[in-house]
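Here's a quick briefing to read alongside the structure. The topics are overall dimensions, sheets and helix packing.

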Amino acid sequence: MRVKALFASFLSLLSWSLGPIARAQDSAADSPTLKLTVKADYVALRITGTTNITANAWQWRVLPGGPEDQIAWSHFDPPNATGTFKLATPMPAGGWYRVEVRALEGEKVIKETGVTRPEPTAFIHVTPDRIAALPDAERAAWTAYVTLSREHEHRDHETLAGECRGTRAPVSKIAPTDGARFICPTKVEAAYFASAEAGTLATTILSYQTPSGAWSKAVDYTKGVRAPGTHWTTQSEAGWHYCGTLDNYSTTEQIEFLARVHQVTKREDCRAGALRGLEWLLSAQFPNGGWPQVYPLESGYHEAITLNDDAMLHAVELLLSVSTAKEPYGFCDEALRKRASDSYARGIQCLLNCQVNVKGKPTVWCAQHHPITLAPVAARLKEPVSLSGAESANLLKFLMRDGPTTAAVRSAVENAIAWLDAHRITDLRKATNADGKTDYVKDPASTEVLWARFYDVESGEPIFAGGQDGIVYKTYHDMAEHNKVTYDYFTTKPADIVGKERERWEKRLEKVGKK
């Protein structure tokens with residue numbers, strides 16, 4: 001009897017569980033349903049749909065630009081017996097905003113539905129809330145900046161889409177990859193830039209200039225001119241990763257190369273390409289004077305003001321050369337030199353504003369800073385919020401050699417030198433462990449002088465973040481035990497800053513004081 005009672009309870013429970021489902025199915029059968037899926041490539045929009053509706057007319061349309069578009073409806077054959085249908089149309093030249101489908105009985109619309117193109121990826125730093133909280137003038141400038149960035153992004157996308165449609169390619173090909181950084185060979189005879197080799201390279205470089213005016217990184221230019229439908233970048237993430245960047249010497253070095261070829265050959269295409277690159281550099285600058293790693297803006301740490309690998313520093317150096325008509329930039333007219341000078345000055349001020357204060361005391365810089373608040377921010381797992389030994393040293397070297405000698409710059413330099421001097425590491429020795437890998441071991445007798453790549457902002461102690469686990473360790477040894485190490489966690493660059501560069505700086509100030 002107990003078993004029968006349990007079985008009866010189970011049936012009752014099963015009936016209660018299935019009841020809502022059955023009722024929902026009955027209800028769904030009574031109500032009209034119409035569902036769409038839209039897949040887009042460079043060639044076409046491909047639409048599939050499901051429905052339980054029987055209607056005497058079916059219509060669809062594609063809105064290319066926005067909700068205000070007035071596009072006529074077109075008829076299509078009714079769904080098949082299973083209630084499914086498929087549609088396709090060539091991709092509109094300007095892209096698409098929304099696909100809509102409806103079922104009609106006579107003139108009456110029974111059901112209408114649509115799919116709207118996904119919004120662009122939201123930014124994590126340059127957010128609407130951050131911009132809305134700014135004072136009026138700053139808010140207007142940042143709103144205009146983001147709008148222009150989106151316009152550049154759209155133009156880049158549509159240019160590649162048009163090429164792909166011309167070749168009937170639904171997707172673009174990625175650019176050929178070269179792991180080495182492209183660096184303009186400045187320490188060669190000028191005759192090199194008049195050579196056939198340099199001319200061929202210049203032509204290839206021009207073919208990989210994005211519509212916005214920049215270049216990606218790690219492109220193998222030895223493979224020849226970019227073919228239509230080939231992307232400007234080798235990177236993944238839907239083909240738009242690092243599509244216009246200052247990372248790894250990109251863009252500034254291509255501008256330099258083209259300018260040098262023009263200097264000795266007077267090739268107009270090289271001059272035009274260099275000028276387009278300079279216009280990109282001016283457009284990419286934030287309203288507060290900083291530069292992102294990638295422009296048009298790419299969501300993530302790429303939005304940050306990037307000192308890592310000297311990205312922003314390269315931009316400032318180039319603009320200084322243009323503003324002073326330093327060769328090979330003699331072709332830049334007075335108006336462009338003035339714009340470059342203004343941009344350079346805003347860049348210097350931004351760098352001064354980014355110097356991190358800890359308990360009211362100026363220190364050094366982080367490898368990347370928030371584009372609006374200027375606070376230190378993290379990037380990859382191995383790049384935490386921190387004070388940077390390496391990037392700060394490179395920035396100081398530029399300021400001490402070529403930067404302004406204003407009171408503000410002098411104060412920033414002296415405070416940063418003092419901080420670096422106080423944070424040298426003298427009790428570590430580079431060694432090889434039992435596995436043949438690099439390690440750093442405690443040794444009070446060591447004569448090596450090192451600085452950490454990263455220091456904790458508050459304590460000033462060296463920190464070591466794992467590239468795989470993201471954990472911040474207090475020692476290199478502990479970090480390396482848990483992570484694959486493919487990064488420089490120590491540097492000797494500050495040694496010159498607190499040594500011979502400081503002496504050189506003091507002599508420079510003496511000369512300025514005598515004028």
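Two strands count as paired here if DSSP finds at least two bridges between them. With that in hand, keep in mind that this is a predicted model. The protein has 13 helices and 19 strands, and the notes below pick out two of its sheets and three of its helix pairs.

**Overall dimensions**

- The radius of gyration comes out at 30 Å, whereas a compact globule of 515 residues would sit near 24 Å.
- Measured out along the principal axes, the C-alpha trace of the protein spans about 95 × 75 × 50 Å.

**The four-stranded sheet**

- Four strands make up an open sheet, ordered S4-S3-S6-S7, and the pairing is antiparallel.
- The edges belong to strand S4 (74-75) and strand S7 (108-116); each has a single partner strand, so one side of each goes without a neighbour in the sheet.
- Strand S6 (residues 98-105) runs antiparallel to S7, and eight bridges join the two.
- If you want a register marker for that pair, take valine 101, whose bridge partner in S7 is threonine 113.

**The three-stranded sheet**

- Another open sheet has three strands in the order S1-S2-S5, again with antiparallel pairing.
- Here strand S1 (34-40) and strand S5 (84-90) are at the edges, and each has a single partner strand, so one side of each is left without a neighbour in the sheet.
- From one strand to the next, the twist averages 20°.
- S1 pairs with strand S2 (residues 44-51) in the antiparallel sense, over seven bridges.
- A hairpin takes the chain from S1 to S2 through three residues.
- Two handy register markers for S1 against S2: valine 38 has isoleucine 47 as its bridge partner in S2, and lysine 35 has threonine 50.
- On to the S2 and S5 pairing, which is antiparallel over seven bridges.
- To place S5 against S2, look at leucine 45, whose bridge partner in S5 is threonine 89.

**Helix packing: H4 and H5**

- As a reminder, two packed helices are described by the angle between their axes and the distance between the axes.
- The axes of helix H4 (residues 196-207) and helix H5 (residues 252-265) come within 10 Å and cross at roughly 135°.
- That angle makes H4 oblique to H5, with a left-handed crossing.
- On the H4 side the contact uses Ala198, Leu201, Ala202, Ile205 and Leu206, and these meet Gln254, Phe257, Leu258 and Val261 in H5.
- Sorted by class, the residues of the H4 contact with H5 are eight nonpolar, one polar and no charged.

**Helix packing: H6 and H7**

- Helix H6 (residues 268-284) packs on helix H7 (residues 311-323) at an angle of about 120°, and their axes are 11 Å apart.
- H6 is therefore oblique to H7, and H6 passes H7 in a left-handed crossing.
- H6 brings Leu278, Leu281 and Leu282 to the contact, while H7 supplies Ala315, Leu318, Leu319 and Val322.
- The tally for the contact of H6 with H7 is seven nonpolar, no polar and no charged residues.

**Helix packing: H8 and H9**

- For helix H8 (residues 334-354) and helix H9 (residues 390-402), the axes come within 12 Å and cross at roughly 130°.
- These two helices are therefore oblique to each other, and H8 passes H9 in a left-handed crossing.
- Tyr344, Ile348 and Leu351 of H8 make the contact with Leu395, Phe398, Leu399 and Asp402 of H9.
- By class, the H8 contact with H9 has six nonpolar, no polar and one charged residues.

Technical notes:
Residues numbered from 1 in each chain as written. Predicted model: local features only at pLDDT ≥ 70, side-chain atom pairs only at ≥ 80, totals over all residues. Heavy atoms only, no water. Axes fitted to C-alpha atoms, helices over the stretch in contact; angles between N-to-C directions. Parallel < 35°, antiparallel > 145°, perpendicular 65-115°, else oblique. Left-handed = near helix turned anticlockwise from the far one by under 90°. Contact = heavy atoms within 4.5 Å. Nonpolar A, V, L, I, M, F, W, Y, C, P; charged D, E, K, R; others polar. Rg over C-alpha atoms; globule rule 2.2 N^0.38 Å.
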